[in-house]
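Open the model in your viewer and keep the selection box ready. The stops below say what to pick next and what is there.

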Amino acid sequence: LGNCTVLHLTDSADYDTPVLTLASLGDLSEESNLIEIPEYCRDVVRTMAGSTTPSTLEVTINMDPDDPAFVLLDSLYVSGLDNAMKVEMLAVGEATGGIGSFVTFEGKVTAHTFTNSFDEIRQKTYTISIQTKLSALTAN
């Protein structure tokens with residue numbers, strides 16, 4: 001599972017804009033800070049989970065200025081607004097909504113980079129700062 005991955009953005013309805021020219025998608029992760037709880041007469045310090053720090057997500061797409069997802073990612077970078085996003089991981093040959101799972105989160109596009117190699121497809125990489133906890137992995 002997960003051989004086909006689709007990033008969905010939100011334009012007018014939740015997750016209505018799939019990124020169809022996705023070239024690569026970075027790792028999704030989050031880590032909780034640990035808070036030590038000192039206690040008398042204990043040899044081992046107990047801990048509890050504190051606030052969560054999500055990762056940033058690197059998204060590289062093949063450039064197509066007419067693609068609605070490209071236009072939306074650029075406008076999200078300019079506006080600085082958060083966006084509801086979904087990463088869908090599908091089995092080989094499955095279309096969006098097919099056999100697979102997904103994770104949702106709110107993200108903000110904080111950076112973008114163009115590639116201009118001579119012999120390669122022109123691409124654009126966006127850095128998305130995740131603003132919320134990642135949802136649980138959910139089956140389609």
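**Stop one: a charged pair between strands**

Select aspartate 82, which counts as partly exposed at 37% relative accessibility. Bear in mind that this is a predicted model. Now add lysine 108, also partly exposed, at 24% relative accessibility. Aspartate 82 and lysine 108 form a salt bridge, with the closest N and O atoms 3.2 Å apart. Colour their strands next: aspartate 82 sits in S7 (residues 82-90) and lysine 108 in S8 (residues 100-114), so the pair ties together parts that are 26 residues apart in sequence.

**Stop two: the other salt bridges**

How many salt bridges does the count come to? It comes to 3. Side chains of opposite charge can pair when their charged atoms come close.

Go to aspartate 74 and lysine 124. Their closest N and O atoms are 2.5 Å apart, and the two form a salt bridge. This pair links distant parts of the chain, 50 residues apart: aspartate 74 is in helix H1 (residues 68-79), and lysine 124 is in strand S9 (residues 123-130). Is lysine 124 buried or exposed? Lysine 124 is buried, because its relative accessibility is 1% and the cut-off for buried is under 20%. Aspartate 74 is partly exposed, at 22% relative accessible area.

Then pick arginine 46 and glutamate 39. They form a salt bridge too, with the closest N and O atoms 2.6 Å apart. Arginine 46 is partly exposed, with a relative accessible area of 42%. Glutamate 39 is partly exposed as well, at 36%.

**Stop three: strand S6 and its partners**

Switch to a cartoon view and select strand S6, residues 56-62. Which strands pair with S6? One is strand S3 (residues 22-25), antiparallel to S6 over 3 bridges. Show leucine 25: its bridge partner in S6 is valine 59. Another is S9, which runs antiparallel to S6 and is joined to it by 7 bridges. Show threonine 56 here, whose bridge partner in S9 is serine 129.

**Stop four: the largest nonpolar core**

Hide the cartoon and show side chains. The largest nonpolar core has 20 residues. Select Leu7, Leu9, Ile61, Phe105 and Ile128, the ones that touch the most other members. Strand S1 (4-9), S6, H1, S7, S8 and S9 each give two or more residues to this core. Which element gives the largest share? That is H1, with 5 residues.

**Stop five: around leucine 9**

Zoom in on leucine 9. Leave aside its neighbours within four places in sequence. Leucine 9 then contacts Tyr15, Asp16, Thr17 and Val19. Turn the view to find its other contacts, among them Ala69, Leu72 and Leu73. Asn83, Ala84 and Met85 are also on the contact list of leucine 9.

**Stop six: threonine 17**

Finish on threonine 17, in strand S2 (residues 17-18). Is threonine 17 buried or exposed? Threonine 17 is buried, with a relative accessible area of 8%. Show aspartate 16 beside it in sequence: a polar contact of 3.1 Å joins the two side chains. Now list the contacts of threonine 17, again leaving aside neighbours within four places in sequence. They are Leu7, His8, Leu9, Asp11, Pro68, Ala69 and Leu72. Two of these names, Leu7 and Leu9, also belong to the nonpolar core at stop four.

Conventions
Residues numbered from 1 in each chain as written. Predicted model: local features only at pLDDT ≥ 70, side-chain atom pairs only at ≥ 80, totals over all residues. Heavy atoms only, no water. Salt bridge = Lys/Arg side-chain N within 4 Å of Asp/Glu carboxyl O. Buried < 20%, exposed > 50% of the residue type's maximum accessible area, 1.4 Å probe, protein only. Helix = DSSP H or I, 4+ residues; strand = E, 2+ residues; numbered from the N terminus. Pairing = 2+ DSSP bridges. Core = buried A, V, L, I, M, F, W, Y, C linked by side-chain atoms within 4.5 Å. Contact = heavy atoms within 4.5 Å. Polar contact = N/O pair within 3.5 Å; in protein donor to acceptor, adjacent residues only side chain to side chain.
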